[in-house]
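Here is a short tour of one protein chain, written for someone who likes to look at the strands and side chains while reading. Please keep the viewer open and follow along.

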Amino acid sequence: MDIRLGDIVRMKKPHPCGSFEWKIERVGMDFRLCCMGCGHKVMIPRRQAEKNIREVRHSDVPVVPEED
Ligand SMILES: [Zn+2]
């Protein structure tokens with residue numbers, strides 16, 4: 001699955017806030033996702049994220065990777 005920084009992904013299950021969409025804030029072994037509905041952030045293993053993602057929308061806006 002081709003997932004890049006800044007992409008918006010649509011999950012199979014909604015967040016408790018009702019939103020299905022998350023923004024990719026960090027990629028690697030773990031993904032950091034930010035809920036588009038409420039702003040909640042989670043870190044989940046890549047494999048688990050890919051299992052739960054239904055659709056990926058690539059962002060047109062380039063995102064500068066965070067250094068940490
Ligand atoms: Zn949410």
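What follows goes from the overall fold to the sheet, then to the core, and ends with one residue of the helix.

Please keep in mind that this is a predicted model. The chain holds one helix and five strands, and read from the N terminus its elements come in the order β-β-β-β-α-β. Of the 68 residues in the chain, 10% are buried. Among the contacts with a separation of 6 or more, 36% join residues 24 or more positions apart.

**The sheet**

The five strands form an open sheet with antiparallel pairing, and their order across it is E4-E3-E2-E1-E5. Which strands stand at the edges? They are E4 and E5; each has a single partner strand, so one side of each is left without a neighbour in the sheet. From one strand to the next, the twist averages 35 degrees.

The elements whose residue ranges come up in this report are gathered here.

| Element | Residues |
|---|---|
| Strand E2 | 21–26 |
| Strand E3 | 30–35 |
| Strand E4 | 41–45 |
| Helix H1 | 46–52 |
| Strand E5 | 53–57 |

One pairing is worth a look in the viewer: E3 and E4 run antiparallel to each other and are joined over five bridges. To find your place along this pair, look for Arg32, which stands opposite Met43 in E4.

**The core**

Which residues make up the largest nonpolar core? There are seven of them: Val9, Trp22, Ile24, Phe31, Leu33, Cys35 and Ala49. Strands E2 and E3 each supply at least two residues of this core, and E3 gives the largest share, with three.

Leu33 is a good residue to select within this core. Leaving aside residues up to four places away in sequence, Leu33 touches Trp22, Lys23, Ile24 and Glu25, and also Lys41, Val42 and Ile44. Two of these partners, Trp22 and Ile24, are listed with Leu33 in the core.

**A residue of the helix**

Now move to Gln48, which is found in helix H1. Is Gln48 buried or exposed? Gln48 has 11 other C-beta atoms within 10 Å, and a residue counts as exposed if that number is 12 or fewer, so Gln48 is exposed. The C-alpha atom of Gln48 is separated by 9.1 Å from that of Asp30, and the two residues are 18 residues apart along the chain.

Key
Residues are numbered from 1 along each chain as its sequence is written. This is a predicted model: local features need pLDDT of at least 70, side-chain atom pairs count only at pLDDT 80 or more; totals for chains, interfaces and linings use all residues. Two strands pair if DSSP finds at least two bridges between them. Helices (H or I, at least four residues) and strands (E, at least two) are DSSP runs, numbered from the N terminus. Axes are lines fitted to C-alpha atoms, for helices over the stretch in contact, and angles run from 0 to 180 degrees between N-to-C directions. A nonpolar core is a set of buried Ala, Val, Leu, Ile, Met, Phe, Trp, Tyr and Cys residues joined through C-beta atoms within 7 Å. A residue is buried if 20 or more other C-beta atoms lie within 10 Å of its own, exposed if 12 or fewer, and partly exposed in between; C-beta atoms are placed from the backbone. Two residues are in contact if their C-beta atoms, placed from the backbone, lie within 7 Å.
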